[in-house]
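Subject: A structure for you to look at

Hello,

Here is the structure I promised to pass on. Please open it first, and then read my notes below alongside it.

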Amino acid sequence: MSNGDIFVGETLGTAALILLGGGVCAAVTLKKSKAQNAGWLAITFGWGFAVLIAAYISAHKSGAHLNPAVTLALAVKTGDWSHVPLYIGSQLIGAMIGAVLVWLTYLGQFQQNEEPTLGIFSTGPEIRNPIQNLLTEIIGTMVLCLLILTSGLTLGDQLSGIGILITAFTVVGIGLSLGGPTGYAINPARDLGPRIVHSLLPIPNKGTSDWSYAWIPVAGPMIGGLLSGLLYKGLF
């Protein structure tokens with residue numbers, strides 16, 4: 001895959017991921033949204049469909065990593081680190097674009113906002129305990145990355161529709177089973193890019209961007225991706 005294909009695929013795919021994933025969070029959270037208070041099931045399935053659509057958009061351009069933790073896990077598996085910076089940079093750019101698109105889609109609702117909005121863009125813990133929060137993100141990311149590593153949904157292997165579908169349902173399962181403590185970032189770009197955008201957007205009453213917590217949904221998934229790659233190499 002060329003550098004251009006990787007950049008286009010990962011930027012577009014990650015933008016779609018955040019547009020649809022952040023979009024369901026906005027739909028459930030914001031007042032005067034028809035989906036307000038639809039609940040956790042709506043959010044988890046919304047993110048699952050976001051992964052499904054984003055992966056189909058980007059699969060044949062870039063391999064549909066869409067996640068720095070996945071990129072790291074695949075690099076450990078294959079030993080090829082040459083495109084890692086390009087993948088991660090493209091994913092971060094795409095995540096920021098997607099977050100801006102969420103804001104534009106719900107612009108009227110955001111303009112009438114009266115509550116903190118960080119939860120629409122990024123994750124946060126229900127109980128603020130850095131060790132537990134970090135472990136939660138590591139564990140959830142390991143589930144995702146091990147599924148991807150063992151399913152054949154990897155750069156250089158044949159990409160299949162069923163593999164993408166299984167990955168999307170895995171994201172739903174992680175959200176339902178493991179998402180309660182932290183909101184399951186399991187993707188550094190998914191959390192950091194929108195958090196940066198949240199800090200910059202002119203949203204009334206938006207509240208803090210909580211930078212003291214921001215390292216956890218970056219470090220946890222990256223550690224989880226690294227451990228997944230090492231575990232795969234040691235056991236499979």
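Two residues are in contact when they have heavy atoms within 4.5 Å of each other. Please also keep in mind that this is a predicted model.

With that meaning of contact, let me start with helix α10. What covers the buried residues of α10? The cover includes α3 (68-78), α7 (130-151) and α9 (188-200). The buried residues themselves are I216, P217, G220, P221, G224, G225, S228, G229 and Y232. I also checked the length of α10, which runs over residues 216-235. Its 20 residues should span 28 Å at 1.5 Å a residue, and the C-alpha atoms at its ends are 27 Å apart, so the two agree.

Next, the salt bridges. There are four of them, and here are three.

- D5 pairs with K61, with 3.1 Å between the closest N and O atoms. This pair links distant parts of the chain, since D5 belongs to helix α1 and K61 to helix α2 (residues 40-62), 56 residues apart. D5 is partly exposed at 25% relative accessible area, and K61 is partly exposed too, at 36%.
- R128 and D210 meet through their side chains at 2.6 Å, N to O. R128 sits in the loop between α6 (118-121) and α7, and D210 in the loop between α9 and α10, so this salt bridge ties together parts 82 residues apart in sequence. D210 is buried, with a relative accessible area of 13%.
- R195 and D191 form a salt bridge at 2.7 Å, N to O. They are four residues apart in helix α9, which means that about one helical turn separates them. R195 counts as buried because its relative accessibility is 0%, and D191 is buried with a value of 0% as well.

Finally, have a look at E10, in helix α1 (residues 3-29). Which side chain of opposite charge is nearest to E10, and how far away is it? It is K61, 12 Å away; E10 is buried yet has no salt bridge. What the side chain of E10 does have is a polar contact with the side chain of Q91, at 2.9 Å. Apart from neighbours within four places in sequence, E10 is in contact with S62, A64, H65, L66, N67, Y87, S90 and Q91. You will have met K61 already, as the partner of D5 in a salt bridge.

I hope these notes help you find your way around.

Best wishes

Technical notes: Residues are numbered from 1 along each chain as its sequence is written. This is a predicted model: local features need pLDDT of at least 70, side-chain atom pairs count only at pLDDT 80 or more; totals for chains, interfaces and linings use all residues. Side-chain values use heavy atoms; hydrogens and water are left out. Helices (H or I, at least four residues) and strands (E, at least two) are DSSP runs, numbered from the N terminus. Buried means under 20% relative accessible area, exposed over 50%, partly exposed in between (1.4 Å probe, protein chains only). Lys and Arg count as positive and Asp and Glu as negative; His and the chain ends are not counted. A salt bridge is a side-chain nitrogen of Lys or Arg within 4 Å of a carboxyl oxygen of Asp or Glu. A polar contact is a pair of N or O atoms within 3.5 Å; within protein, one must be able to donate a hydrogen and the other to accept it, and residues adjacent in sequence count only if both atoms are side-chain atoms. The expected span of a helix is 1.5 Å times one less than its number of residues.
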